[in-house]
Amino acid sequence: APTLSGTAGINKNDLSWTASAGAEKYRLFAKVAGNGESRLIGETTNTSFAHTGLDPATSMEYIVYASRTVNAGDTVEKASNSVTLTTGLAATVVEVTSSGYDSADLAWDAVAGADSYELYRHAGSTGNAFSKIATVRGTAHSDTGLLTGKEYTYYVIAIKSGSNISGNESNRVSVTPQLTG
């Protein structure tokens with residue numbers, strides 16, 4: 001029987017399995033994890049398959065069958081182990097929309113499947129770590145109480161609440177609040 005493994009991506013899952021002696025083809029089945037019956041999503045003679053077009057933050061359970069025809073057209077199949085993969089969230093793009101002497105206004109693109117965003121800030125020297133400064137339901141935040149003349153760097157991560165699913169870090173943007181006038 002084949003041994004199935006996989007890697008979750010953004011809107012797709014990449015699956016691969018070990019070859020099974022005598023197999024003429026492999027039939028791949030999937031279902032939403034913990035829900036309903038599996039359905040055939042593909043047949044191939046290869047030992048890999050990309051399940052594309054999935055929604056973000058979707059958990060799918062997979063099984064592959066090594067199939068061969070014997071005698072008068074009877075089919076013999078050996079089932080693999082099952083694998084559950086959850087698609088991730090895309091990274092967003094963040095930008096500084098304005099800044100004052102003690103503030104920075106940030107905005108970012110919405111990410112499909114996300115219902116909140118974590119905003120991280122780094123202040124000062126390169127040795128300091130980023131710290132989460134806010135969890136926001138929308139796509140903008142005003143960071144206040146900043147020091148004039150000090151550089152601040154930000155990034156955002158998209159989150160699907162209650163599922164421990166998050167996107168990759170966005171791009172990083174920097175701002176140095178200045179006195180105006």
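In the predicted model, L106 is in contact with V94, E95, V96, T97, L119, T139, A140, H141, Y154 and V173, leaving aside its neighbours within four places in sequence. L106 also belongs to the largest nonpolar core, which has 21 residues. Within this core, L89, L106, W108, Y117 and Y154 touch the most other members. Several strands contribute to the core: β10 (103-108), β11 (116-123), β12 (131-136), β14 (152-160) and β16 (173-175) each supply at least two of its residues. The largest share, 4 residues, comes from β14.

A second core, separate from the one described above, contains 15 residues. Among them are L4, Y26, L28 and Y62. In soluble globular proteins, nonpolar side chains tend to be buried together.

Strand pairing was then examined around β6. Strand β6 (residues 59-70) runs antiparallel to β3 (residues 25-32), and 8 bridges join the two strands. In this pairing, Y26, one of the residues of the second core, has A66 of β6 as its bridge partner. Strand β6 is also joined to β8 (residues 83-86), again in the antiparallel sense, by 4 bridges. Here Y62, another residue of the second core, stands opposite V83 in β8.

Strand β6 further pairs with β7 (residues 74-79) over 6 bridges, and this pairing is antiparallel. T69 has T75 in β7 as its bridge partner. The strands β6 and β7 form a hairpin with 3 residues between them. In this hairpin, N71 takes a positive phi near 45°.

How values were computed
Residues are numbered from 1 along each chain as its sequence is written. This is a predicted model: local features need pLDDT of at least 70, side-chain atom pairs count only at pLDDT 80 or more; totals for chains, interfaces and linings use all residues. Side-chain values use heavy atoms; hydrogens and water are left out. A nonpolar core is a set of buried Ala, Val, Leu, Ile, Met, Phe, Trp, Tyr and Cys residues joined through side-chain atoms within 4.5 Å. Buried means under 20% relative accessible area, exposed over 50%, partly exposed in between (1.4 Å probe, protein chains only). Contact means heavy atoms within 4.5 Å. Two strands pair if DSSP finds at least two bridges between them.
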